[in-house]
Structure formats: C-alpha cells, structure tokens
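I opened my notebook for a friendly wander through this structure. Below are the things I looked up, in the order I got curious about them.

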Amino acid sequence: AFAIHDRDSGRVTLARDRLGEKPLVYGWQGEGRAATFLFGSDLAALRAHPACGRALNRAAVVQFMRHGHVGEALTIHEGLSKLPAGCIAEIGREDAAPVISRYWSAVEVAARPVRAVAPEAAVAGLEAVLSDAVARQMVADVPLGAFLSGGIDSSAVVALMQARSERPVRTFSIGFHERRYDEAGHARAVAAHLGTEHAELYVGDAELRATVPRLQQVHDEPFADSSQIPTLLVAEMARAEVTVALSGDGGDELFCGYDRYRQGAAMMRRLGPLPRGLRAAAAGLVQAVPARAWDGLITPLRAVPEGKEPHGQRLHRLADYLRCGSVDELHRLLVSRWRDPGVVVPGVAEPASLLAEAAPPRDGRPDAERMMLLDTLTYLPDDILTKVDRASMHVSLECRAPLLDHRVVEYAWSLPLGYKLRDGQSKWALRQVLYRHVPPALIERPKMGFEVPVGLWLRGALRDWAEALLEPRRVAEGGILDAGRLGTVWAEHLSGRFNHGLRLWNVLMFLAWQEAQAGR
C-alpha cells in the first residue's frame with residue numbers, strides 16, 4: 001500500500017495491492033476547521049493522532065461476531081474505513097470523501113472466458129507462471145526462508161524455491177501435542193525430501209499462556225482466527241533466523257482447496273431441486289429433537305473426534321443448510337461462527353456485506369467457483385492475509401505470497417474447474433506441479449488446514465483466562481454484549497455437551513481487545 005501527496009494540487013492518492021495483502025485505513029476525524037484526513041497502515045497509527053476518535057462501530061461488532069474479523073470496508077471505529085483491495089482513492093482538502101476507483105478486479109478476472117487447454121499443458125503453464133513468481137519473490141538482500149506446513153500450497157512454494165536455490169532453504173513449521181491437529185511430522189518429511197534446513201516448534205500449555213495475552217499487541221482491531229496463535233509463534237521463530245519468509249497463502253481460494261467448496265456444491269446439486277418448504281420442514285424435524293438425545297443415539301455407535309462438536313450439535317448445524325435457497329446463502333452460513341450474531345450484540349443491525357446484500361452479480365461459473373470468488377473477496381484479505389500480515393509485521397518479518405502474484409491468480413481463474421477439483425480431489429493442477437518435486441505419498445492425506453484445538457484449550461490451559469473475561473459483571477460493564485447469553489454458552493461448553501470453541505473465541509478476542517483499549 002502507498003500514498004502520494006501532490007503538493008501542487010494538494011491532493012492525496014492512496015492505493016492498495018490487488019488481493020489485499022497489505023492494509024490501508026483512512027478517514028476524516030475531528031469537526032469543522034479542526035477536521036483532519038488521516039491515513040495509515042493500521043488503526044494504531046491513526047489513534048496516535050490527537051484528532052482521531054475512538055467511537056465504537058457497533059455494526060462492525062455484529063459482523064465481527066459472525067465472522068471473527070472486521071471485514072471489507074469497515075473498521076471497528078466510526079468514521080474510519082479500509083480501502084478495498086485493488087483500489088485507488090483520491091482526495092483533496094475540501095472533499096468530503098475520497099473518490100474510489102478500481103484498477104484490478106477479482107470479479108472481472110473470474111468472469112473471463114475459460115481457456116481450452118489440455119491437462120498436461122495446463123500443469124506446465126501453471127508451473128511456469130508460479131516458478132517465475134517464486135523466483136521474483138526470492139529476490140532479497142537479507143536472509144530468506146519459508147513457512148512449511150506440509151500441505152499442498154506451502155510444499156509447492158518450498159519445492160520451487162529449493163529448485164532455484166543453491167543452498168538449503170530455511171523452513172519453519174508449528175506442531176501441536178494434540179495428535180489430531182498435528183502436521184509437523186508431515187512438514188518434517190517434506191523438508192527432509194527436499195533437503196531444506198528445517199526448524200519446528202511445538203505449542204504446549206506454556207506457549208499458550210504466554211502468547212494469548214500478547215495478541216492484542218499484534219492486532220489493531222478485534223481479530224479471532226484462533227490460528228493467529230501458531231501464526232505468531234512461527235513468525236517469531238522464523239524471524240530469529242531470516243528477515244523474509246514466503247508462504248503458501250491463496251492456494252485454497254485459487255484451486256478449490258477448502259472442503260466447503262466441494263461439499264457445498266454437492267449439497268446444492270442434491271438438495272436444490274427439492275422444494276424449499278420441504279427442506280425447511282425436514283430441518284425443523286431434526287432440530288426438534290434435542291441435541292443431547294441425538295448424542296445418546298449416535299455416540300455409542302461413533303465416537304466424537306477429539307476437539308470436535310458432539311453429534312447432536314453437528315446435526316442441528318447441518319439442518320440449517322437445508323433451508324438455504326442459493327449457494328450464496330449456504331456459503332454465508334458455512335463461514336459464519338455466530339449465525340445469529342444479534343443474540344450476543346442485541347439491538348444493533350448487521351451491516352450490508354459482499355456475502356449478502358452487496359454480493360457481486362452471479363455469472364455462469366459453477367457453485368464451487370462462486371464460493372471461491374466470495375472467499376477471495378472477503379475471507380482471504382480480511383482473515384488469512386490480515387492474520388499473516390499482523391503477525392509477521394509485529395516481529396519485523398516480511399512475508400510474501402507467490403500464489404497471490406496477480407499473474408498466478410489470473411492463470412488459475414483461466415483454468416476450468418475440472419483442473420482444480422478432479423475426481424473429488426482438490427487442487428489437482430497444483431498437486432501435479434508439486435508431484436514433479438515431491439512423491440505423492442508424502443502429501444496425500446485429508447486436509448487439515450492450520451486448525452487449532454481451541455475448544456479443548458478453553459477447557460484446559462486457557463480456562464482461567466477465559467473465565468475471567470466472561471465474568472458477567474465484567475461483560476456487562478463493556479456495554480456491548482449480552483452477558484446472560486454468553487454465560488449460558490460458556491456453561492454449555494464447559495459441560496462438554498457442546499463445543500462452542502470458535503464462537504467463544506470471537507467473544508473472548510473482542511472482550512480482550514475492548515479491555516486493552518480501555519487500558520486495563
């Protein structure tokens with residue numbers, strides 16, 4: 001992101017990168033002749049100016065409870081906005097608001113015709129454009145490394161880095177003691193095959209207790225992707241050895257990586273033809289049976305996986321999908337933590353969103369690609385890239401994402417969906433590039449993502465911290481959230497009959513941010 005001040009005209013031009021890797025916030029603050037136009041890379045910079053107010057944007061709090069981030073053009077403060085990715089804003093001293101124009105559009109890129117290309121040629125073309133992006137982003141006059149989870153995206157980036165490097169690439173990964181969530185062994189195997197200089201760190205109770213209180217120093221507004229914890233730790237570990245690190249961010253949105261794309265499209269294909277009223281009635285029947293009753297029927301036959309929601313809670317959640325009349329409705333539910341955020345932020349209307357009222361026009365792309373596009377516009381910049389940028393910048397580590405080179409993005413969108421999701425396998429074309437460097441046996445396994453067992457942590461190492469923040473009088477003093485409702489949710493979570501870990505993490509990150517701003 002950058003700003004240019006034209007001293008002759010007195011105008012300021014602000015610009016942000018195409019995909020939203022870097023932040024840019026702005027807004028008029030103060031009244032009358034004392035009004036000042038502020039802009040910067042984060043809200044903390046603006047708060048340092050005496051004209052900057054701190055009035056809470058309550059609509060942004062509702063959006064935050066739904067998604068775990070304050071997204072799109074909103075910020076947590078009234079009167080301050082984010083410049084959307086791929087946009088330019090111009091403003092003069094007398095202008096009430098900047099004029100915003102778009103110089104690059106993911107929506108337009110996704111709407112371009114799909115190219116007719118043979119599978120082998122598509123894979124070769126992808127390797128060429130991605131290799132060039134990696135080579136460009138390896139240019140540095142300081143020590144260079146990479147994050148390596150052992151998944152498709154980061155492994156592909158590291159493989160292409162090592163192919164161009166005369167020395168072992170330095171790679172870094174995070175592990176968890178909870179076996180179901182641990183991918184460190186896979187990253188270690190990929191690193192050994194490629195010959196990288198690998199380092200890893202396991203996150204235990206001590207690291208959790210030391211890291212969570214520091215999160216409000218990292219994020220300038222509420223942020224609640226629980227993988228922010230390992231992201232900060234891996235950034236700190238990398239910064240001890242390198243100054244620049246490459247990541248695999250963007251691969252899921254470009255190559256149909258998230259399970260929700262495949263599962264959501266299949267659900268719409270099977271359920272879409274059925275009358276919506278019939279589906280709603282079926283959902284009502286499922287939810288009429290208490291979650292505990294479903295647990296009693298199913299759990300003896302199938303154990304609940306470690307850290308996951310009980311069967312009854314999961315069935316009630318899945319029943320909501322039956323009511324969806326479009327893939328956009330379904331996608332919004334799939335990416336919502338609180339599907340009814342108004343119950344915890346009472347009396348405040350939810351703002352318009354690219355996932356609802358302000359969604360881009362629907363073109364002829366398949367349902368899976370529709371969800372990929374919506375995530376590219378929202379979840380990618382507002383969650384994934386925000387998480388990595390804030391963590392890396394906090395420790396003075398420059399993070400670069402070769403998969404988000406706009407030429408790679410445009411090439412990926414030019415390929416048919418069948419080259420991304422093929423025979424039920426996601427990221428097909430990217431996998432073929434990786435398999436030229438790494439044996440499939442080291443990669444083929446169910447997708448985990450950077451998932452963390454937050455529900456288990458809140459009943460264990462983080463319970464005292466969470467319980468203190470959720471103390472009813474303390475919540476009520478904040479004046480925003482419904483303390484009674486939160487008390488019920490917390491009790492259900494502690495009972496083990498429900499797993500509200502992700503929803504509670506949103507609440508806890510907001511309460512912790514609110515108290516940090518109050519100077520407690």
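**Entry 1: valine 335**

Not counting residues up to four places away in sequence, which residues does valine 335 touch? I kept in mind that this is a predicted model. I found Arg66, His67, Arg260, Leu355 and Asp375 on the list. I placed valine 335 in the loop between H15 and helix H16, the latter spanning 367–377. Its relative accessible area came out at 17%, so I noted valine 335 as buried, the cut-off being under 20%. I also looked up one of its partners: valine 335 and leucine 355 are 20 residues apart along the chain, and their C-alpha atoms are separated by 9.6 Å.

**Entry 2: glycine 307**

I next went to the loop between H13 and H14, where glycine 307 sits. Is glycine 307 buried or exposed? With 18% relative accessibility, glycine 307 counts as buried. Leaving aside neighbours within four places in sequence, I listed Tyr181, Leu456 and Asn499 as its contacts. I then checked glycine 307 against valine 344: the two are 37 residues apart in sequence, and their C-alpha atoms are 24 Å apart in space.

**Entry 3: helix H14 and its partner H12**

I moved on to helix H14, residues 311–321, and wrote down its buried residues: His311, Gly312, Gln313, Ala319 and Tyr321. What do they pack against? I found four helices: H11 (259–271), H12 (276–288), H13 (291–298) and H15 (327–334).

I took a closer look at H12. H12 and H14 pack at an angle of about 165°, with 9 Å between their axes. The two helices are therefore roughly antiparallel to each other, since angles over 145 degrees count that way. H12 passes H14 in a left-handed crossing. From H12, the contact uses Ala283, Val286 and Gln287; from H14, it uses Leu315, His316, Ala319 and Asp320. I sorted the residues of this contact by class and got 4 nonpolar, 2 polar and 1 charged. Ala319 had already turned up among the buried residues of H14.

**Entry 4: H23 and H24**

For a second helix pair I chose H23 (residues 483–495) and H24 (residues 501–518), which pack at an angle of about 135° with their axes 10 Å apart. That makes H23 oblique to H24. H23 passes H24 in a left-handed crossing. On the H23 side, I noted Leu486, Val489, Trp490 and His493 making the contact; Gly501, Leu504 and Val507 come from H24. The contact has 5 nonpolar and 2 polar residues, and no charged ones.

**Entry 5: helix H6**

In H6, residues 184–194, I found Ala184, Ala187, Val190, Ala191 and Leu194 buried. Why do they line one face of the helix? Seen down the axis of H6, the buried residues fall within an arc of 125°, so they share that face. The general rule helped me here: an α-helix has 3.6 residues a turn, so residues three or four places apart point the same way. The buried residues of H6 pack against helix H5 (152–164) and two strands, E9 (170–176) and E10 (197–203). Just after H6, I spotted glycine 195 with a positive phi of about 80°.

**Entry 6: lysine 387**

My last stop was lysine 387, in helix H17, residues 379–394. Lysine 387 has a relative accessible area of 6%, so I put it down as buried. Beyond neighbours within four places in sequence, lysine 387 is in contact with His219, Phe223, Asp225, Ser227, Gln228 and Thr231.

Definitions and conventions
Residues numbered from 1 in each chain as written. Predicted model: local features only at pLDDT ≥ 70, side-chain atom pairs only at ≥ 80, totals over all residues. Heavy atoms only, no water. Buried < 20%, exposed > 50% of the residue type's maximum accessible area, 1.4 Å probe, protein only. Arc of directions from axis to C-beta. Contact = heavy atoms within 4.5 Å. Axes fitted to C-alpha atoms, helices over the stretch in contact; angles between N-to-C directions. Parallel < 35°, antiparallel > 145°, perpendicular 65-115°, else oblique. Left-handed = near helix turned anticlockwise from the far one by under 90°. Nonpolar A, V, L, I, M, F, W, Y, C, P; charged D, E, K, R; others polar.
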